[in-house]
Amino acid sequence: MDEDATTNNLGIAETFNPDLIHAIFKLVWKRRAEKGSGGNEDIDVEPAPETSKRNRSTTANAGALKVSCELLRIFVTEAIRRSAFIAEAEDAVVIEPTHLERVLPQLLLDF
């Protein structure tokens with residue numbers, strides 16, 4: 001993989017835009033809230049007395065978004081690297097979706 005493709009001029013690895021990741025998270029939280037499950041059925045958290053389950057909003061702080069962006073960057077980079085390895089073994093010039101499908105189960109277990 002070309003090192004210039006993953007780093008900018010300062011040598012810092014590029015990552016996903018935190019605003020984009022936050023928007024994705026908010027969309028998922030909104031959809032879960034609309035379904036009524038909230039996604040927290042296994043988590044037993046006692047809310048503060050002044051809040052109810054209906055008026056609490058789900059938020060993410062800047063540090064959590066930064067870490068999430070970095071985790072996604074590493075995950076995508078590793079998926080591409082493993083898919084390229086499979087494609088190279090098959091003498092393919094282009095990474096096909098089937099290459100990704102073959103590496104995805106082990107990749108998910110590794111993460």
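**Exercise 1. Glu78 and its surroundings**

Start with a 2.5 Å polar contact between the side chains of Glu78 and Arg81, then work out where Glu78 sits, whether Glu78 is buried or exposed, and what Glu78 touches.

A word on the model before the solution. This is a predicted model, in which local features need pLDDT of at least 70 and side-chain atom pairs count only at pLDDT 80 or more, while totals for chains, interfaces and linings use all residues. Residues are numbered from 1 along each chain as its sequence is written, and side-chain values use heavy atoms, leaving out hydrogens and water.

*Solution.*
- Step 1: a polar contact is a pair of N or O atoms within 3.5 Å; within protein, one must be able to donate a hydrogen and the other to accept it, and residues adjacent in sequence count only if both atoms are side-chain atoms.
- Step 2: Glu78 belongs to helix α2. Helices (H or I, at least four residues) and strands (E, at least two) are DSSP runs, numbered from the N terminus.
- Step 3: Glu78 has a relative accessible area of 18%, so it's buried. The cut-offs are under 20% for buried, over 50% for exposed and partly exposed in between (1.4 Å probe, protein chains only).
- Step 4: leaving aside residues up to four places away in sequence, Glu78 touches Leu107 and Phe111. Touching is contact, meaning heavy atoms within 4.5 Å.

**Exercise 2. The overall layout**

How many helices and strands does the protein have, and what pattern do they follow along the sequence?

*Solution.*
- Step 1: count the elements, and you get 3 helices and 0 strands.
- Step 2: going along the sequence, the pattern reads α-α-α.
- Step 3: of the 111 residues, 12% are buried.
- Step 4: take the contacts between residues at least 6 apart in sequence; 59% of these join residues at least 24 apart.

**Exercise 3. How α1 meets α2**

Describe how helix α1 and helix α2 cross, and which residues meet.

*Solution.*
- Step 1: pick the right quantities. Two packed helices are described by the angle between their axes and the distance between the axes.
- Step 2: the axes of α1 (residues 18-35) and α2 (residues 62-89) come within 9 Å and cross at roughly 95°. That makes the two helices roughly perpendicular.
- Step 3: check the terms. Axes are lines fitted to C-alpha atoms, for helices over the stretch in contact, and angles run from 0 to 180 degrees between N-to-C directions. Roughly perpendicular covers 65 to 115 degrees, with under 35 roughly parallel, over 145 roughly antiparallel and the rest oblique.
- Step 4: on the α1 side you'll find Pro18, Ile21, His22 and Phe25, which meet Leu65, Ser68, Cys69 and Leu72 of α2.
- Step 5: sorted by type, the contact has 6 nonpolar, 2 polar and no charged residues. Here Ala, Val, Leu, Ile, Met, Phe, Trp, Tyr, Cys and Pro count as nonpolar, Asp, Glu, Lys and Arg as charged, and the others, Gly among them, as polar.

**Exercise 4. The aromatic pairs**

Find the aromatic pairs and say how the rings are arranged.

*Solution.*
- Step 1: there are 2 of them. The ring of Phe25 has its centre 5.8 Å from that of Trp29, and the planes make 40°, so this pair is tilted.
- Step 2: the rule is that rings of Phe, Tyr and Trp (its six-membered ring) pair if their centres lie within 6.5 Å; planes under 30 degrees apart are stacked, over 60 edge-to-face and the rest tilted.
- Step 3: Phe25 and Trp29 are 4 residues apart in α1, so about one helical turn separates them. Trp29 is partly exposed at 26% relative accessibility.
- Step 4: for Phe75 and Phe111, the centres are 5.0 Å apart and the planes at 80°, so this pair is edge-to-face. This one links distant parts of the chain, with Phe75 in α2 and Phe111 in the segment after α3, 36 residues apart.

**Exercise 5. His99 and Asp91**

Is His99 buried or exposed, and where does Asp91 lie?

*Solution.*
- Step 1: His99 is in helix α3 (residues 97-110), and His99 is buried at 2% relative accessibility.
- Step 2: the His99 side chain makes a polar contact of 2.8 Å with the side chain of Glu90.
- Step 3: Asp91 lies in the loop between α2 and α3 and is exposed, at 71% relative accessible area.
- Step 4: Asp91 has a positive phi, near 60°. Most residues other than glycine have a negative phi.
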